[in-house]
Amino acid sequence: MKIGILSSGGDCPGINATIRGVGKTAIMHYNMEVIGIHNGFSGILNKDFQTLDQRSLSGILNLGGTILGTSREKSFRKLILPDDSHSSIIKQKYDELELDCLVCIGGNGTQKTSHILSRIGLNVIGIPKTIDNDVWGTDITFGFDTAVNIATEAIDRLHSTANAHRRVMVVEVMGHHAGWIALYAGMAGGADVILLPELSFDIDRVNDTITNRAHQGKPYSIVVVAEGLRTRTGKIHPADYIARMIEKETGIETRETVLGYIQRGGNPSPYDRNLATRLGGHASELIAERKFGRMVCINGNRVDSILLSEAACKLKLVPPDHDLIIQGQRMGISFGR
Ligand code: F6P
C-alpha cells in the first residue's frame with residue numbers, strides 16, 4: 001500500500017513525532033510506501049511531496065514544527081464541497097498520486113475537511129493535533145501537554161516579579177475558543193484567578209478576590225485568562241482588558257503578558273512524543289486493516305478510533321463541573337463568578 005501524510009492547520013510540538021510514528025510503523029511493520037505531502041492540503045493540489053523513508057524519518061522525534069510544512073485549510077475546504085466540481089480535482093490528484101490512503105494530521109478544521117474528503121471517495125485517516133485540546137472525540141491531543149508545560153513555566157516565573165513589585169500579573173494563554181490551557185496551566189501555576197471562555201465572569205468578583213487578598217496581606221496576585229474570553233459586548237483582548245479593569249478598580253499596579261506563539265514552539269514534551277507515537281502507530285494499523293474514514297483518539301488510557309463524521313461535528317470545551325474547577329473553587333481560586 002502507498003500512503004500520503006500531511007499536516008494542516010496551526011503547528012504544534014509533536015507533529016514530527018506523529019509523522020515518524022505513522023511512517024516508521026507503515027514502512028517497517030507493514031511494508032508500505034510513504035510520501036509526505038507539503039504544506040497541508042495545498043500539497044495535494046500542487047502534487048508537492050517528498051518520499052519518506054527511514055533516513056528522512058530519523059532524528060525528528062523531538063523536533064518542533066513540521067518537516068512537511070502546514071497551511072490553514074479553510075481556503076482548501078471551499079474547494080471540496082461534495083456538490084462542487086472542484087471535488088473531482090482533489091480526487092483526481094489523489095488518484096494521480098496513486099495513494100491508497102491519506103493521513104491528515106490536524107485540528108477541528110482539518111478533521112472536518114478530512115470527513116468531506118472521505119465522503120467524496122478518498123480513503124482518509126485523521127490524527128487529532130492541537131495545543132488547544134478542543135478536538136471532539138479524543139480525551140487529549142498531542143501539543144496540549146507541551147503548551148501547558150510552557151505556560152506553567154511562564155506563570156511560575158511571574159510569581160517572583162509580581163512579588164518583588166507587589167503587582168497583579170495578568171497572563172493570557174492560547175486555546176482558541178476553549179479554556180483547557182488556561183485551566184491546566186492556571187491550576188499548575190498556582191494562579192489566584194482563572195478566567196475561561198466556558199464560564200461567564202463578573203469583573204467585580206475578580207476585583208473583590210484581588211482586593212481581599214491584598215487586605216489579607218497577600219503581596220501579589222496571578223490572573224490567568226484564556227484568549228477566547230468574551231464579555232457581553234463581545235470579543236476583547238483579554239489580557240489588556242482585564243489588566244486595565246483590575247488596575248482601575250483596585251488601584252493595584254497591574255501588568256499583562258500575552259504568551260502567544262511561544263506555546264506552540266520548541267520541542268514536544270516526552271508525554272507528547274509518546275502520545276504522538278501511539279496515535280501514529282494506530283493510524284498505520286487502521287490503514288493496514290483498511291478501516292478508513294476514522295480518526296484515531298485516546299479513550300481513557302487506550303488508543304482507539306471514532307468515525308470522522310463524529311469528530312467533525314463540534315468542539316470539546318471545558319465542562320463547567322470539571323474536577324479541576326471544582327477543586328480550585330474549594331481552595332479559594334476565583335473563576336470570576
Ligand atoms: O489552534 C491553535 C492556535 O494556536 C490557537 O490557540 C490560536 O488561537 C490559533 O491557533 C492562532 O492561529 P494562527 O496560527 O493562524 O494565527
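How many cavities of 30 Å³ or more does the structure hold?

## Cavity

The model is predicted, and its structure holds one cavity of 30 Å³ or more. The largest cavity has a volume of about 30 Å³. Its lining is made up of Asn108, Gln111, Lys112, Ala311, Ala312 and Lys314.

## Ligand site

The ligand is found in the largest pocket. Around the ligand are Arg72, Thr130, Ile131, Asp132, Met174, Gly175, His176, Glu227, Tyr261 and Arg264. By residue class, this shell divides into four charged, three polar and three nonpolar residues.

Two domains take part in the site. Domain 1 covers 2-143 + 268-311 and domain 2 covers 147-264. Both give residues to the shell, so the ligand lies between them.

## Polar contacts and burial

Two arginine side chains and one backbone atom are described here. In the side chain of Arg72, an N or O atom is 2.8 Å from an oxygen atom of the ligand. For Arg264, a polar side-chain atom lies 2.8 Å from an oxygen atom of the ligand. His176 makes its approach through the backbone: an N or O atom there lies 3.5 Å from a ligand oxygen atom. Taken alone, the ligand exposes 400 Å². The protein buries 73% of that area.

Notes
Residues are numbered from 1 along each chain as its sequence is written. This is a predicted model: local features need pLDDT of at least 70, side-chain atom pairs count only at pLDDT 80 or more; totals for chains, interfaces and linings use all residues. Side-chain values use heavy atoms; hydrogens and water are left out. A residue is near a molecule or strand if one of its heavy atoms lies within 4 Å of it. A polar contact is a pair of N or O atoms within 3.5 Å; within protein, one must be able to donate a hydrogen and the other to accept it, and residues adjacent in sequence count only if both atoms are side-chain atoms. Accessible areas come from the Shrake-Rupley method with a 1.4 Å probe; for residues, only the protein chains shown count as cover. On a 1 Å grid over the protein atoms alone, a cavity is a set of points where a 1.4 Å probe fits but cannot get out, and a pocket is an open set with protein on both sides within 12 Å along at least five of seven lines; lining residues have an atom within 4 Å of a point. A molecule sits in a cavity or pocket if more than half of its atoms lie within 2 Å of its grid points. Ala, Val, Leu, Ile, Met, Phe, Trp, Tyr, Cys and Pro count as nonpolar, Asp, Glu, Lys and Arg as charged, and the others, Gly among them, as polar. Domain bounds come from an automatic or database domain assignment. Grid points are joined across faces, edges and corners, and a volume is the space filled by probe spheres set on the points.
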